[in-house]
Amino acid sequence: MDGLLGNLALGFAVAFSVENIGLCLIGCILGTLIGVLPGIGPTTTVALLLPITFYLDPVGALIMLAGVFYGSQYGGSTTSILVNLPGESSSVVTCIDGYQMARQGRAGAALAIAALASVVAGVVTTVLIGLAGPPLASIALLFQSADYVSVMVLGLVSAVVLAHGSILKAVAMIVLGIFLGLVGTDVTTGEQRFTLGISELYDGIGFVPVAMGLFGVAEIIYNLEQTRGRGIVTATIARLWPTREDLRRAWAAVVRGTGLGALLGILPGSGPTVASFAAYSLEKKIARAPERFGKGAVEGVASPEAANNAAAQACFIPMLSLGIPPNAIMALMIGAMMIHGLTPGPGIITKQPELFWGMVASMLVGNVLLVVLNLPLIGMWVKLLKVPYRFLFPAILVFCCIGTYSLKASPVEVMMIALFGVIGYAFRKLDCEPAPLLLGFVLGPMLEENFRRAMILSGGDASVFVTRPISAGFLVLAAILLVAVLLPAFKKTREAIRE
């Protein structure tokens, strides 16, 4: 306990510096600002705002991106409640009861319940990160190359199993992502692979053009098509603070949602979307009057909002302690770390404690800032939703291009944003989820490097992957997931989440 308190003291010393608290505040505001816009969501928000962090120090960059992440997660609930349009996929279930509350003139109470559930879940999960991160990092030091290969295989299998829609399409996205990640010069042999003789590809395809194209530009095109460039009519807000009865019904649901979300957030390939649906299903099953759900039940807002925020922040545990992203958003965070010359993994906690504990402390600060700032700003977010989208998207596009060009001063990377934007839009029309592609893009080179190292150390003996207990355990889990996805009940669950 003394060690934890000492580490938290170090973290707060980092987080409370004038620069870092300012970056945390800016991240939370920008994240909420873009997260409020329907259809954009946290992954796109982080991808769009990634260029801002290029010239910051690593600690400040990650603090700001973390603020952007959970700020956009918070912003997604606003559109779900006010206009029945989820800001991102994990807020889909919030529409069910949140919008019904808004139609009953209780939009303010629904927004306040969502905010309070989010801050409770965020604070609890952040403490969990501080408690679980160092032990997991110690365990990770026992990992060898074969073990890392197996845990990455588990992550990729989980991404396939839990992706929306067709499993075959999800597999194709993973394979395409791995292929794109391998473009460039082979670090072992020095040979160029899949570069088509284009010199700009000798160093590989840039992470930023892929992320901003697939998520930023593609979402802009898709949203222009859906909204036809118009603004949105929102529900009116009367009383802001919930009643005592609302709070009585909500608190237990928040506790259950936080616990379930934290558990599911740690699992590879899972995350906020699965957590929010699972929490809503749990509340409906244990409710004395399940017929209230879908008609404005407070628990139907509190539990999924707590679950998706808990899961969102629990994703940082495997990312920071093992250096392996459990989902696409954490892949973006790892990409940001690599841009700043940081090697993700257990060494971050032991060799750069100010970065790890600074992030943990900034999350505590950021979650409180979100409530303090956003409840008074709800009126402003409502006005933002009424701004025609045709006025917003040009500024977003210009920002994407300037940010990407400033990284390497490369016009080719700006053109690649456009290319991947068109590709990402085509994926949306074909119902292919781009998140598995980004996960494969980040994990592909890491998977190849560790596989080669494992084979060299074992003298070419592939049995090393099943003779090492850690590696074998992860492979067994991956096999169980593959078998589970063939079960009819699991197929129905995936389709329910998709719908």
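This is a tour of one predicted chain, stop by stop, with a selection to make at each.

**Before selecting anything**

The model is predicted, so local features need pLDDT of at least 70 and side-chain atom pairs count only at pLDDT 80 or more, while totals for chains, interfaces and linings use all residues. Residues are numbered from 1 along each chain as its sequence is written, and side-chain values use heavy atoms, with hydrogens and water left out.

**Whole chain**

Show the chain as a cartoon: it has 22 helices and 2 strands. Helices (H or I, at least four residues) and strands (E, at least two) are DSSP runs, numbered from the N terminus. Of the 499 residues, 56% are buried; buried means under 20% relative accessible area, exposed over 50%, and partly exposed in between (1.4 Å probe, protein chains only). Switch to a surface: the accessible area is about 20200 Å², and carbon and sulfur atoms hold 69% of that. The areas come from the Shrake-Rupley method with a 1.4 Å probe, and for residues only the protein chains shown count as cover. Among contacts (heavy atoms within 4.5 Å) with a separation of 6 or more, 79% are between residues 24 or more positions apart.

**Stop 1: α10 and α12**

Select residues 244-266 for α10 and 299-314 for α12; their axes are 7 Å apart and the packing angle is about 30 degrees. α10 is therefore roughly parallel to α12. For that label the angle must be under 35 degrees; over 145 is roughly antiparallel, 65 to 115 roughly perpendicular, and the rest oblique. Axes are lines fitted to C-alpha atoms, for helices over the stretch in contact, and angles run from 0 to 180 degrees between N-to-C directions. The crossing is right-handed: the near helix is turned clockwise from the far one by less than a right angle, whereas anticlockwise would be left-handed.

Which residues of α10 and α12 meet? On the α10 side they include Ala250, Ala253, Gly257, Gly261 and Gly265. Among their partners in α12 are Ala302, Ser303, Ala306, Ala310 and Ala314. An α-helix has 3.6 residues a turn, so residues three or four places apart point the same way.

**Stop 2: α19 and two partners**

Keep residues 435-457 (α19) selected and add 328-339 (α14); the axes come within 8 Å and cross at roughly 45 degrees. That makes α14 oblique to α19, and this crossing is left-handed. Ala328, Ala331, Leu332, Ile334 and Met338 of α14 meet Ala435, Leu438, Leu439, Val442 and Met446 of α19.

Now replace α14 with α8, residues 167-181; α8 and α19 pack at about 40 degrees, with axes 7 Å apart. These two are therefore oblique as well, but the crossing of α8 and α19 is right-handed. From α8, the meeting residues include Met173, Ile174, Gly177 and Gly181. α19 contributes Pro436, Leu437, Gly440, Phe441, Gly444 and Pro445.

**Stop 3: the loop before α19**

Select Leu430 in the loop between α18 (411-429) and α19. Is Leu430 buried or exposed? Leu430 is exposed, because its relative accessible area is 54%. Measure from its C-alpha to that of Lys169: the distance is 9.4 Å, for residues 261 apart along the chain.

Asp431 lies in the same loop, between α18 and α19. Asp431 is not a glycine, yet its phi is positive, at about 65 degrees. At 34% relative accessibility, Asp431 is partly exposed.

**Stop 4: Phe194**

Phe194 also has a positive phi, near 55 degrees, in a residue other than glycine. Find Phe194 in the loop between β2 (192-193) and α9 (207-227). With a relative accessible area of 45%, Phe194 counts as partly exposed.

**Stop 5: Met212**

Move on to Met212 in helix α9. Met212 is buried, because its relative accessibility is 0%. Leu48 is 164 residues away along the chain, and the two C-alpha atoms are 5.9 Å apart.

**Stop 6: α21**

Select residues 469-484: helix α21 has 16 residues and reaches 22 Å from first C-alpha to last, close to the expected 22 Å. The expected span is 1.5 Å times one less than the number of residues. The buried residues of α21 are Ser471, Ala472, Phe474, Ala478 and Ala484.

Leu475 lies in α21 and is partly exposed at 26% relative accessibility. Which residues does Leu475 contact, leaving aside neighbours within four places in sequence? They are Ser150, Val153, Phe465 and Val466. Leu154 is 321 residues from Leu475 in sequence, with 6.7 Å between the C-alpha atoms.
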